[in-house]
Amino acid sequence: MIIKNPKFEISAVSPKQYPTNQLPEIVLAGKSNVGKSSFINTLINRKSLARTSSTPGKTRQINFYNMDNIFYFVDLPGYGYSKMSKQEQLKVGQFIEKYLSIRENIQLIILILDIRHNPTEDDKLMYNYIKSTNIPFIIVANKADKIAITKVDNATEEIKKELKILEGTEIIPFSSERRIYSEKIWEEISKMIIE
C-alpha cells in the first residue's frame, strides 16, 4: 500500500477527543522506546511524521495519524517506563484501557516487541490483555537488523514460547533500519481495512 498524504491528526487522552469520522483504526502497542514511531515512519516511507525520541516515555497521549482518509495508525503511549511516576503510569494505563475497551473502530492491534530480548512482564500483561479483547492482533518483533539474520527464526520462536502463544499466531520480524518485512505487515493491515 502506498500512502501519499499521511498526516498527524490529534493527540487524545479522553473519548471526546477521538476522531469522529469512523475510519478503521490500526493500533500500535509496545513498551517505551520499542520503536512504534519509527515503525509508522518506515511503513509510510516518511522520515518524521511520527515523532521519534531516544527518551523513553515521550508519548503520553494517544496519537492518531490519518493515512489518506483510508485508516488511522493509532500510537498508544509506551508502557513499562520506570521514570514516569506511579500516578502518571496509572493515568496513562487507564486511558489506554478505556480506548481499547470502548473504541469500535479498532480493526487490528499490532503489539511491537524487541526481538533482542525476552518479553518483559509488562509485555506479557499487554499480550494477555490484547488477547482478552478479542480484537484481531499480530505481533511484530522489531529491531531485527540488530541480530544476525540466522538468529531471527530462533528469536521469534523464543518470544512465542515466553508468551505461550498459540499455534497459528504469527510473529513478524521487522527492521526500520533495513526496511525489511514491510510487505508482510501491509498485507495484514490491508486484510483488516478493506472490506
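Does Ile194 count as buried or exposed, and at what relative accessibility? In this predicted model, Ile194 has a relative accessibility of 56% and therefore counts as exposed, the cut-off for that class being over 50%. Ile194 is placed in the segment that follows helix H5 (182–193). Together with Met1 and Ile70, Ile194 makes up a nonpolar patch on the surface, and the accessible area of the three residues together is about 260 Å².

Helix H1 (36–43) presents another situation. Of its 8 residues, 7 are buried, so H1 is largely enclosed by the rest of the structure. The buried residues are Lys36, Ser37, Phe39, Ile40, Asn41, Thr42 and Leu43. Their packing partners are the strands E2, E3, E4, E5 and E6, together with helix H5. Just after H1, Asn45 adopts a positive phi of about 60°. The loop between H1 and strand E3 (62–67) contains Ser48. With a relative accessibility of 57%, Ser48 counts as exposed, whereas Ser37, within H1, is buried. The C-alpha atoms of Ser48 and Ser37 are 8.4 Å apart in space, and the two residues are separated by 11 residues in sequence.

Helix H2 (86–102) was examined for its span and for the distribution of its buried residues. H2 has 17 residues, which at 1.5 Å a residue should span 24 Å; the distance between its end C-alpha atoms is 24 Å, in agreement with that expectation. Val92, Phe95, Ile96, Tyr99 and Leu100 are the buried residues of H2. Viewed down the helix axis, these residues fall within an arc of 135°, so they line one face of H2. The buried residues make contacts with strand E1 (6–12), E2, E3, strand E4 (71–75), E5 and helix H3. Exposed residues are found on the other side of H2, namely Lys86, Gln87, Leu90, Lys91 and Ser101.

Helix H4 (residues 152–163) consists of 12 residues, and the distance from its first C-alpha to its last is 17 Å, close to the 16 Å expected at 1.5 Å a residue. Val152, Ala155, Thr156, Ile159 and Leu163 are buried in H4. Down the axis of H4, the buried residues occupy an arc of 95°, so they too line one face of their helix. This face packs against strand E5 (106–114), helix H3 (121–133), strand E6 (137–142) and strand E7 (171–173). Asp153, Asn154 and Lys161 are exposed on the other side of H4. The residue that follows H4 is Lys164, with a positive phi near 55°.

Charged pairs were considered next. Side chains of opposite charge can pair when their charged atoms come close. The structure contains 9 salt bridges. One of them links Glu25 and Arg103, with 2.7 Å between the closest N and O atoms. Glu25 belongs to strand E2 (residues 25–30), while Arg103 is in the loop between H2 and E5, so this pair ties together parts that are 78 residues apart in sequence. Both partners fall below the 20% cut-off for burial: Glu25 is buried at a relative accessible area of 0%, and Arg103 counts as buried at 14%.

Another salt bridge joins the side chains of Lys146 and Asp145, at an N to O distance of 3.6 Å. Here Lys146 is partly exposed, at 48% relative accessibility, whereas Asp145 counts as buried at 16%.

A further salt bridge is found within H4, between the side chains of Lys160 and Glu157, at 3.7 Å from N to O. The two residues are 3 residues apart in H4, about one turn of the helix. Lys160 has a relative accessible area of 24% and is partly exposed. Glu157, with a relative accessible area of 46%, is also partly exposed. In addition, Glu121, Lys124 and Glu162 are joined into one network by salt bridges that share partners.

How values were computed
Residues numbered from 1 in each chain as written. Predicted model: local features only at pLDDT ≥ 70, side-chain atom pairs only at ≥ 80, totals over all residues. Heavy atoms only, no water. Helix = DSSP H or I, 4+ residues; strand = E, 2+ residues; numbered from the N terminus. Expected span 1.5 Å × (residues − 1). Buried < 20%, exposed > 50% of the residue type's maximum accessible area, 1.4 Å probe, protein only. Arc of directions from axis to C-beta. Contact = heavy atoms within 4.5 Å. Patch = residues over 30% accessible without salt bridge, like charges linked within 9 Å, V, L, I, M, F, W, Y side chains within 5 Å. Areas by Shrake-Rupley, 256 points an atom, 1.4 Å probe, with all protein chains shown as cover. Salt bridge = Lys/Arg side-chain N within 4 Å of Asp/Glu carboxyl O.
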